[in-house]
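Student: I would like to learn how to read a structural model feature by feature. Can we work through one together?

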Amino acid sequence: MYQNPPQYAPAPSPYDTPPRRRRKAVPLPMVAFLGIFALLFFGGSYLVSPEARIHAQPGVAFAELGGRDVVLVPYERQGARGMFQLLTQDMFQVRLAAVDPASDEVLWDTQLSDELIWEASVLGAGRDYAYLATDSGLMILDLSDGSVEVQGEDVPGLDGAYLTSRAAYAYDAEGRRILALTSSGAVRAIELDQTKAVTVDEETASAWADRLSADQPRSTTFEIAGNEAGLLPSSSEQVVLEDVGIGELGSVLFRGPEDGRKIQVSDTAFPHARLVIADGTAAGAATGHVLVQHRLSLNDTGLGLSLVSLATGEVTGSLPISAAPESAVVGPDGTTVVTAGDAVVLARGDGSVTPLEIGASDLFGSA
């Protein structure tokens, strides 16, 4: 008996386009959950975590950049704010900031090291380069943007004979050059705005051999405070803090003219006071002031800095600080820059005492 043949689906043509598989869409609740998680993980952790800790190192110096007098401040930044910074930034950084003290503008801020214990001191600067003595040797930076031009064993003329001791490098202000001690005991010089170290004459080598050392100094901090200080390098006139019979209530500021007489400058008694000394003279003297470090009051052991006018005896500016000053340098216009723990303080010619902000960063940890 005749039967109908079985029915088969027609064979696909090689020219037919295969049907597309539909991709499963991510459920909207899952997208919302991931968004909220990311917001809390990164944004929330940023809001609840503290700012990174800042500590200004004492090796501060002035330089000229683009026709402006700027201050170069090495500082430590420890910690990270939020998970994004924790994942992308070094926990321990030593950085160098170039700041215009006239406008407080940070021109650049660059990382130098990621070591936990590491120090840098600005030796000097020309028009193109800044020279730093660091715990990794000599470092030469491009002054325009803070990038490292050359450092350590890569410095031409030092090569494998370089030393990591900060004490092995110094600035010769008279010769406008950086002097370096090598591991063989030789002294070499780098002229400002040059990067190559060259051999010096015997007289220079003999004069600087005892000033440079292969031993790593413990710290670049030094005594910058006292009860008396000169007003000008070329004058014997001094300012003195003296107890006038009020004991622990404080000391009063006197000025000692060259004829031996002393004149009381101010009636203000500063408790536990000391004069801040910069470049061998009383800080602020170049602008007719004296900078005094003291306790905030007899009942407050916190520290403060006050600027006193030599002409009127008036306290023209004051600022609390968290630690005693570690260094002080004077700029070309007479502005004094003081490092004190987490603060960099400006004592200006107009009589004001203001903080210089460094170490600020955005959400991503960038300066």
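Tutor: We will go from the chain overall to its sheets, its cores and a few single residues. Keep in mind that this is a predicted model.

Student: Where do I start: how many helices and strands does the chain have?

Tutor: Begin with a count of the elements. Here there are three helices and 27 strands.

Student: What share of the 367 residues is buried?

Tutor: Buried residues account for 45% of the chain. A companion figure concerns contacts between residues at least 6 apart in sequence: 46% of these join residues at least 24 apart.

Student: Now the sheets. In what order do the strands of an open sheet of four lie?

Tutor: To read a sheet, list the strand order, then the sense of pairing, then the edges. One open sheet of four strands runs S6-S7-S8-S9 and is antiparallel. Its edge strands are S6 (120–125) and S9 (148–151), each of which pairs on one side only. From one strand to the next, the twist averages 25°.

Student: How many bridges join S7 and S8?

Tutor: S7 (residues 129–134) and S8 (residues 137–142) pair through six bridges, in the antiparallel sense. For a single position to look at, take Ala133, which stands opposite Leu138 in S8.

Student: Which strands are at the edges of the sheet S10-S11-S12-S13?

Tutor: That is another open sheet of four strands, also with antiparallel pairing. Strand S10 (169–172) and strand S13 (198–199) are the edges, and each pairs on one side only. S12 (residues 187–191) pairs with S13 over two bridges, antiparallel. Within that pairing, Ala189 has Val198 of S13 as its bridge partner.

Student: Next, the cores. What is the general idea?

Tutor: In soluble globular proteins, nonpolar side chains tend to be buried together. In this model the largest nonpolar core has 25 residues, and Leu138 and Tyr169 have the most contacts inside it.

Student: Which strands supply at least two residues each to this core?

Tutor: They are S7, S8, S10, S11 (177–181) and S12. S11 gives the most, with four residues.

Student: Which residues does Leu138 contact, leaving aside neighbours within four places in sequence?

Tutor: Among them are Leu123, Leu132, Val150, Tyr169, Ile178 and Ile190. There is also a second, separate core of 18 residues, which includes Val70, Ala98, Leu112 and Trp118.

Student: Let us take one residue by itself. Is Val99 buried or exposed?

Tutor: Read its relative accessible area. For Val99 the value is 0%, and because buried means under 20%, Val99 counts as buried. Val99 lies in strand S4 (residues 92–100).

Student: Which residues does Val99 contact beyond its neighbours within four places in sequence?

Tutor: The contacts are Val70, Val71, Asp104, Glu105, Val106, Leu356 and Ile358. Take Val70: it is 29 residues from Val99 along the chain, yet their C-alpha atoms are separated by 5.4 Å.

Student: Last, the rings. How many aromatic pairs does the structure hold?

Tutor: A pair of aromatic rings is described by the distance of the centres and the angle of the planes. This structure holds zero such pairs.

Student: Over which rings do the charged ends of Arg211 and Lys262 sit?

Tutor: The charged end of Arg211 sits over the ring of Trp208, 4.3 Å from the ring centre. For Lys262, the charged end sits over the ring of Phe254, 5.8 Å from the centre of that ring.

Terms used: Residues numbered from 1 in each chain as written. Predicted model: local features only at pLDDT ≥ 70, side-chain atom pairs only at ≥ 80, totals over all residues. Heavy atoms only, no water. Buried < 20%, exposed > 50% of the residue type's maximum accessible area, 1.4 Å probe, protein only. Contact = heavy atoms within 4.5 Å. Pairing = 2+ DSSP bridges. Axes fitted to C-alpha atoms, helices over the stretch in contact; angles between N-to-C directions. Core = buried A, V, L, I, M, F, W, Y, C linked by side-chain atoms within 4.5 Å. Phe/Tyr/Trp six-rings, centres within 6.5 Å; stacked < 30°, edge-to-face > 60°. Lys NZ or Arg CZ within 6 Å of the ring centre and 35° of its normal.
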